[in-house]
Amino acid sequence: MLTLYYTPGTISVAVAIAIEEAALPYQPVRVDFATAEQTKPEYLAINPKGRVPALRLEDDTILTETGALLDYVAAIAPKAGMVPTDPTAAAQMRSAMYYLASTMHVAHAHKMRGSRWAKQQSSFEDMTAQVPETMAACADFVESDILRGPYVLGDDFSLADPYLFVVCNWLEGDGVDTAAYPKITTFMQQMTARASVAAVKDKGML
């Protein structure tokens, strides 16, 4: 059985949604950020990066990084159809995922993880103050360029959708009025109605 190390509300939940979509058995293990559990030797032995998600396979191999874990889940459960067979559509899916990882997630992290980039308190305050603006700019791009329909690829669900769902869950907390984004609003409604999202909510992961 797979073991998923996660923290509620973080990007690790995207992997849980994909696992639920794939109907794979797994054991979720909560990593408590409130007590800095991710920095303790016990967790660092699992993931030396001190971050979530991490996925333990049945042979005790540990995988990390959200995109890699999503690809792994799709690869071992191909019948779930979470990666398009068309190369162009698959590239569009990963283009959206890479944008979320490299730009939108980083913009969100400036609110709470400023110590990754700076040391001065004034720098932290400046980064935090910029978050509503930078996340709104990201939401603008999602609205205009990433969402091609009710899902990232139009009518078809893919790996990009759990990723985008979790990231868009951060928008209101980051000071972005999601009512200004009708396509994002529709997307979030579509995702919330999926059984996979209901399942992770029932497990207390969202």
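Visitor: Which residue of β4 stands opposite Arg-56?

Guide: This is a predicted model, in which local features need pLDDT of at least 70 and side-chain atom pairs count only at pLDDT 80 or more, while totals for chains, interfaces and linings use all residues. Residues are numbered from 1 along each chain as its sequence is written, and side-chain values use heavy atoms, with hydrogens and water left out. Strand β3 (residues 54-56) runs antiparallel to β4 and is joined to it by three bridges; strands (E, at least two residues) and helices (H or I, at least four) are DSSP runs numbered from the N terminus. Opposite Arg-56, in β4, stands Ile-62.

Visitor: In what order do the four strands form the sheet?

Guide: Two strands pair if DSSP finds at least two bridges between them. The edge strands, each pairing on one side only, are β2 (26-30) and β4 (62-64). Neighbouring strands are turned by 20° against each other on average, direction ignored. The sheet is open, its pairing is mixed, and its order is β2-β1-β3-β4.

Visitor: Which residue of β2 is the bridge partner of Leu-2?

Guide: Strands of a sheet pair through backbone hydrogen bonds, either parallel or antiparallel. Between β1 and β2 the sense is parallel, over five bridges. In β2, the bridge partner of Leu-2 is Tyr-26.

Visitor: Which residues of β1 are buried on the side opposite Leu-2, Leu-4 and Tyr-6?

Guide: Buried means under 20% relative accessible area, exposed over 50%, and partly exposed in between (1.4 Å probe, protein chains only). In a regular strand the side chains alternate between the two faces of the sheet. Five of the five residues of β1 are buried. Leu-2, Leu-4 and Tyr-6 are buried on one side, and on the other are Thr-3 and Tyr-5.

Visitor: At about what angle does helix α1 run to β1?

Guide: Axes are lines fitted to C-alpha atoms, for helices over the stretch in contact (heavy atoms within 4.5 Å), and angles run from 0 to 180 degrees between N-to-C directions. Helix α1 (residues 12-22) lies across β1 (2-6), β2 and β3, and its angle to β1 is about 150°.

Visitor: How wide an arc do the buried residues of α3 cover?

Guide: In helix α3 (residues 66-76), the buried residues are Thr-66, Leu-69, Leu-70, Val-73 and Ala-74. They are on the same side of α3, because the arc that they cover around the axis is only 135°. The arc is that of the directions from the helix axis to the C-beta atoms. Elements including β1, α1, β3, β4, α4 (87-109) and α6 (160-168) cover these residues, and the arc is 135°.

Visitor: Which residues are exposed on the other side of α7?

Guide: Helix α7 (residues 182-192) has the buried residues Ile-184, Phe-187, Met-188 and Met-191. These lie on the same side of α7, since they cover an arc of only 100° around the axis. Exposed on the other side of α7 are Pro-182 and Gln-189.

Visitor: How far apart are the C-alpha centres of domain 1 and domain 2?

Guide: The bounds, from an automatic or database domain assignment, give domain 1 (2-80 + 199-203) and domain 2 (87-194). In domain 1, 16 residues are in contact with 15 residues of domain 2. The separation of the C-alpha centres is 20 Å.

Visitor: Is Ile-146 buried or exposed?

Guide: Ile-146 belongs to helix α5 (residues 121-146). Apart from neighbours within four places in sequence, Ile-146 is in contact with Ala-96, Tyr-99, Phe-141, Val-152 and Leu-164. With a relative accessible area of 4%, Ile-146 is buried.

Visitor: What is the phi of Ala-36, about?

Guide: Ala-36 is in the loop between β2 and α2. At 27% relative accessibility, Ala-36 counts as partly exposed. Although Ala-36 is not a glycine, its phi is positive, about 55°.

Visitor: Which peptide bond is cis, with omega near 5°?

Guide: The second residue of this bond, Pro-53, lies in the loop between α2 and β3. Omega is near 5° in the cis bond from Val-52 to Pro-53.
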